[in-house]
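Trainee: I'm new to this one and would like a close look at a single part. Could you pick one spot on the inside and walk me outwards from there?

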Amino acid sequence: MRCIYGYLGDGLNGIMAALDCASDMIRFVLTPHEEIAAFMACTHAKFSGEVGVCLATSGPGAIHLLNGLYDVK
């Protein structure tokens, strides 16, 4: 099963509605902070060999993803 790790925000309402419709194929894992979502996606990619996916809103939320994205680089 594919996973997306993320922190919710108003800018993601459309994406969350689509993920709800595809809940049998894609699992959304809610995290307490955007940075944790990025680290979880990084860890998922490193240990499973699959692509790790993280999700956050634009602006400050996207900036919080940088530490985890740099780690996976």
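**Around alanine 56**

Mentor: Let's start at alanine 56: setting aside its neighbours within four places in sequence, alanine 56 is in contact with Tyr7, Leu12, Glu34, Gly61, Ala62 and Leu65 (contact means heavy atoms within 4.5 Å). Before we go on, keep in mind that this is a predicted model, where local features need pLDDT of at least 70 and side-chain atom pairs count only at pLDDT 80 or more, while totals for chains, interfaces and linings use all residues. Residues are numbered from 1 along each chain as its sequence is written, and side-chain values use heavy atoms, with hydrogens and water left out.

Alanine 56 belongs to the largest nonpolar core, together with Cys3, Tyr5, Val29, Ala37, Ala38, Ala41, Cys54 and Leu65, which makes 9 residues in all. Such a core is a set of buried Ala, Val, Leu, Ile, Met, Phe, Trp, Tyr and Cys residues joined through side-chain atoms within 4.5 Å. Two elements give two or more residues to this core: β1 (2-6) and α2. The largest share, 3 residues, comes from α2. Names like these stand for DSSP runs, numbered from the N terminus: helices are H or I with at least four residues, strands are E with at least two. In soluble globular proteins, nonpolar side chains tend to be buried together.

Cysteine 3 is the core member to look at in strand β1. Cysteine 3 counts as buried because its relative accessibility is 9% (buried is under 20% relative accessible area, exposed over 50%, partly exposed in between, with a 1.4 Å probe and protein chains only). Beyond four places in sequence, cysteine 3 is in contact with Arg27, His44 and Val53. Cysteine 3 and arginine 27 sit 24 residues apart in sequence, yet 4.7 Å apart in space, C-alpha to C-alpha.

Now back to Glu34, one of the contacts of alanine 56. Glutamate 34 lies in helix α2 (residues 34-48), and apart from residues up to four places away it touches Tyr7, Ala56, Gly61, His64 and Leu65. Here's the odd bit: glutamate 34 is buried yet has no salt bridge, and the nearest side chain of opposite charge, arginine 27, is 20 Å away. A salt bridge would take a side-chain nitrogen of Lys or Arg within 4 Å of a carboxyl oxygen of Asp or Glu; for charge, Lys and Arg count as positive, Asp and Glu as negative, and His and the chain ends are not counted.

Next door in sequence is threonine 57, in the loop between β3 (54-55) and α3 (60-63). Threonine 57 counts as buried because its relative accessibility is 18%. Outside its four-place neighbourhood, threonine 57 is in contact with Gly9, Asp10, Gly11, Leu12 and Ala62. Aspartate 10 sits in the loop between β1 and α1 (13-21), and it counts as exposed because its relative accessible area is 70%. Aspartate 10 and leucine 65 are 55 residues apart in sequence and 17 Å apart in space, C-alpha to C-alpha.

Finally, the outside: Ile63, Leu66, Leu69 and Val72 make a nonpolar surface patch of about 360 Å². Patch residues have over 30% relative accessible area and no salt bridge, with like charges joined within 9 Å and nonpolar side chains (Val, Leu, Ile, Met, Phe, Trp, Tyr) within 5 Å. Helix α4 (residues 66-72) gives the most to this patch, with 3 residues. Leucine 69 is found in that helix, α4, and counts as partly exposed because its relative accessible area is 40%.

Terms used:
Areas by Shrake-Rupley, 256 points an atom, 1.4 Å probe, with all protein chains shown as cover.
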